[in-house]
Number of protein chains: 2
Amino acid sequence: MTPETTLVSVTVLQEFCEAALTRCGLNERDAKITADALVTTDTIGVFTHGTKSLRGYVRRLRAGGLKADAVPQVTAQGPAWALVDGRSAIAMVTSVFAMNTAIRKARTAGVAYVGVRNSCHFGAAGYYATLAARAGMIGMAMANDTPSMAVPGARGGVLGTNPFAYTVPAGEEDPIVLDIASAAVAGGKVRIAQALNQKVPDNWLVDAEGVPTTDPMVYPQAGALLPFAGHKGYGIALMIETLSAVLAGGAIMGTVGSWMDSDPSQPTGHGAAFLAIDVSAMAPLDVFKIRVDAVIREIRAAPKAKGADRIYVPGEMEWQKRRDALERGIALPDDVMASLRGLAHDLTIETPWLSA
Amino acid sequence: MTPETTLVSVTVLQEFCEAALTRCGLNERDAKITADALVTTDTIGVFTHGTKSLRGYVRRLRAGGLKADAVPQVTAQGPAWALVDGRSAIAMVTSVFAMNTAIRKARTAGVAYVGVRNSCHFGAAGYYATLAARAGMIGMAMANDTPSMAVPGARGGVLGTNPFAYTVPAGEEDPIVLDIASAAVAGGKVRIAQALNQKVPDNWLVDAEGVPTTDPMVYPQAGALLPFAGHKGYGIALMIETLSAVLAGGAIMGTVGSWMDSDPSQPTGHGAAFLAIDVSAMAPLDVFKIRVDAVIREIRAAPKAKGADRIYVPGEMEWQKRRDALERGIALPDDVMASLRGLAHDLTIETPWLSA
């Protein structure tokens with residue numbers, strides 16, 4: 001624990017988020033769902049996508065761009081798919097509803113896709129994918145976002161840093177969880193470099209002319225993020241755009257609003273997509289889990305590179321952080337604490353634990 | 001056209017491949033399917049995965065590791081999924097069968113997954129994904145492979161360079177097609193650098209100790225390929241391994257044989273996975289296609305980076321190459337011609353067009 005962090009118990013943080021959300025008009029169930037998504041994301045150390053964002057969501061709830069009482073709805077469906085209209089409900093509620101719909105459909109069809117429109121920034125994709133793993137399924141979650149990422153040959157934002165996550169249930173091991181942006185890095189990491197006045201690697205950003213730069217200050221106004229691995233990240237972002245928006249019938253590319261910077265009284269129109277694959281339809285779940293454990297252990301037991309102590313499986317470090325957080329509290333960084341304090345102030349909620 | 005290339009008509013190349021395959025015992029239909037996959041791959045300029053590989057497949061067909069008369073079989077199925085046992089048929093036949101099974105199931109369920117075991121190296125993943133686009137569907141294809149790729153912290157091959165492809169049907173535009181390896185580059189590109197005695201970028205390979213190197217000669221014996229974008233490519237490769245092998249019930253990681261270097265009398269046990277999403281179940285196909293065209297044109301019309309003439313959509317360059325090849329013939333590189341000559345010699349097929 002460094003001087004910049006404060007240990008906060010998961011329960012206290014959860015209760016605070018629920019209180020903030022019910023004060024904005026969410027019912028208790030929706031407040032609980034939303035708070036759990038954000039607090040869980042903090043427990044795994046992904047502070048850029050956790051409770052730090054709640055102040056911004058609340059701003060939209062109060063301004064009307066997000067509707068506190070909206071109920072997401074299935075607008076069309078088939079044996080192995082559904083389309084969901086989020087009706088500008090807070091995206092955690094819509095996304096959990098959509099993933100649970102995918103899980104329910106996969107239970108009978110074996111596989112299911114759910115496309116979502118009229119949602120908003122949903123935070124960490126991995127949270128929703130993990131709901132499937134908890135149900136013994138392979139899960140995927142993805143979403144589009146307002147353009148902030150250049151593509152090869154372009155200057156300026158063309159696609160969002162469209163996130164993608166998948167998870168695989170394991171047996172004795174923790175589920176495999178990968179949660180990545182299509183960009184070389186999440187915009188939040190560039191903002192950290194800005195705050196710390198540091199240069200960034202030259203494959204993170206292009207400047208106003210579309211030329212790679214190490215100056216984080218060009219983002220987001222003049223420059224743009226770069227996709228990971230050039231045409232590969234670009235192509236994956238476009239796949240996500242297709243499944244989350246083009247197929248789901250929602251806002252595409254430039255018509256998606258920024259959840260942080262656009263008029264908070266207007267919906268952002270984010271889309272999303274969720275997939276569930278019911279392992280038990282195809283193989284005995286316990287046999288599958290033994291196989292996944294074996295894969296995890298085979299990877300972990302591989303010969304180490306010079307200087308490497310161990311090999312991590314995707315999600316492994318995050319599960320460890322989560323266990324620590326549940327046991328000892330979450331070491332919230334200063335910027336998260338500041339955002340929570342601001343939120344408490346905005347809503348005039350009494351929070352002795354937030355006092356500096 | 002450089003002096004190292006020869007223009008060969010698509011028809012002539014197709015007929016030669018069919019002749020080679022029927023001589024090995026494949027029936028005419030399977031020979032046609034296999035030849036089409038390989039020749040089509042040459043037409044889009046992906047010569048590392050086209051007819052150049054046929055000599056190696058034929059070697060396995062003659063040695064018994066691939067069975068010329070095997071018929072792939074659905075071993076289990078549900079409304080939106082199937083598992084296929086390739087029974088060591090040549091992988092193009094099994095993969096086309098599996099993708100067509102996914103398309104057929106998606107026609108009723110909306111979405112379908114097909115997992116394949118007991119297959120072999122299937123060449124270009126994009127070929128199979130494109131079958132879905134032709135049927136008005138979004139398609140995905142992926143496969144595992146013998147370990148030749150290190151993961152962060154490891155030395156030596158841990159996972160295959162597991163390929164992934166997707167395709168999206170468009171209207172007036174060509175379908176979007178992305179076909180990528182989980183590695184920073186395909187092993188074939190390292191072999192080209194070896195042949196040309198060139199250094200490679202330092203994010204392609206690690207040496208015997210797991211340390212990044214620019215020396216292509218370490219591959220494949222001592223060193224290993226690196227995943228694209230570090231943990232992102234690693235995580236994607238593991239997802240592909242899960243869907244292609246762990247769920248499909250086939251050979252996993254180290255138990256997959258090398259289609260080039262392992263005993264050709266033994267099966268390699270490759271797995272694969274195919275997904276189809278029937279657009280028309282969820283939206284009018286023509287409306288969807290108009291949206292896809294709009295996305296393609298919006299990307300293409302984005303402001304250009306300094307020095308860039310145009311922005312390409314995934315697959316666009318390949319479609320143009322294919323049109324050129326169909327019109328003028330395929331400009332086969334020298335190494336492909338040499339492999340085809342070797343194949344003609346192995347099978348004592350008369351090929352005046354192959355004479356040097």
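## A pair of strands

In which sense do strand 8 and strand 9 of chain B pair? In this predicted model, the two strands run antiparallel and are joined over two bridges. Strand 8 covers residues 205-206 of chain B. One of its residues, B:Leu205, sits opposite B:Thr213 of strand 9.

Now look at the neighbours. Strands 8 and 9 belong to an open sheet of three strands in chain B, with the order 9-8-10 and antiparallel pairing. Strand 9 (212-213) and strand 10 (224-225) are the edge strands, each pairing on one side only. As background, strands of a sheet pair through backbone hydrogen bonds, either parallel or antiparallel.

## Two copies and an axis

Try turning chain A by 180°, with a shift of 0.0 Å along the axis: chain A then lies on chain B with an RMSD of 0.0 Å. The two copies are therefore related as by a two-fold rotation axis. In chain A, the C-alpha nearest this axis belongs to A:Ala229, at 2.8 Å. Both copies use the same surface, as 100% of the contact residues of chain A recur in chain B.

## Chain A as a whole

Chain A contains eleven helices and twelve strands. Its C-alpha atoms fill a box of roughly 50 × 50 × 45 Å along the principal axes. The radius of gyration of chain A is 20 Å, which agrees with the value near 21 Å for a compact globule with 356 residues.

What about the inside and the outside? Of the 356 residues in chain A, 60% are buried. Chain A exposes about 13,400 Å², and carbon and sulfur atoms supply 52% of that area. Among contacts in chain A with a separation of 6 or more, 66% come from residues 24 or more positions apart.

Methods. Residues are numbered from 1 along each chain as its sequence is written. Chains are lettered from A and ligands numbered from 1 in the order in which they are written. This is a predicted model: local features need pLDDT of at least 70, side-chain atom pairs count only at pLDDT 80 or more; totals for chains, interfaces and linings use all residues. Side-chain values use heavy atoms; hydrogens and water are left out. Two strands pair if DSSP finds at least two bridges between them. Helices (H or I, at least four residues) and strands (E, at least two) are DSSP runs, numbered from the N terminus. Copies are superposed by least squares on the C-alpha atoms of residues with pLDDT of at least 70 in both. Contact means heavy atoms within 4.5 Å. The radius of gyration is taken over C-alpha atoms; the globule rule is 2.2 Å times the number of residues to the power 0.38. Buried means under 20% relative accessible area, exposed over 50%, partly exposed in between (1.4 Å probe, protein chains only). Accessible areas come from the Shrake-Rupley method with a 1.4 Å probe; for residues, only the protein chains shown count as cover.
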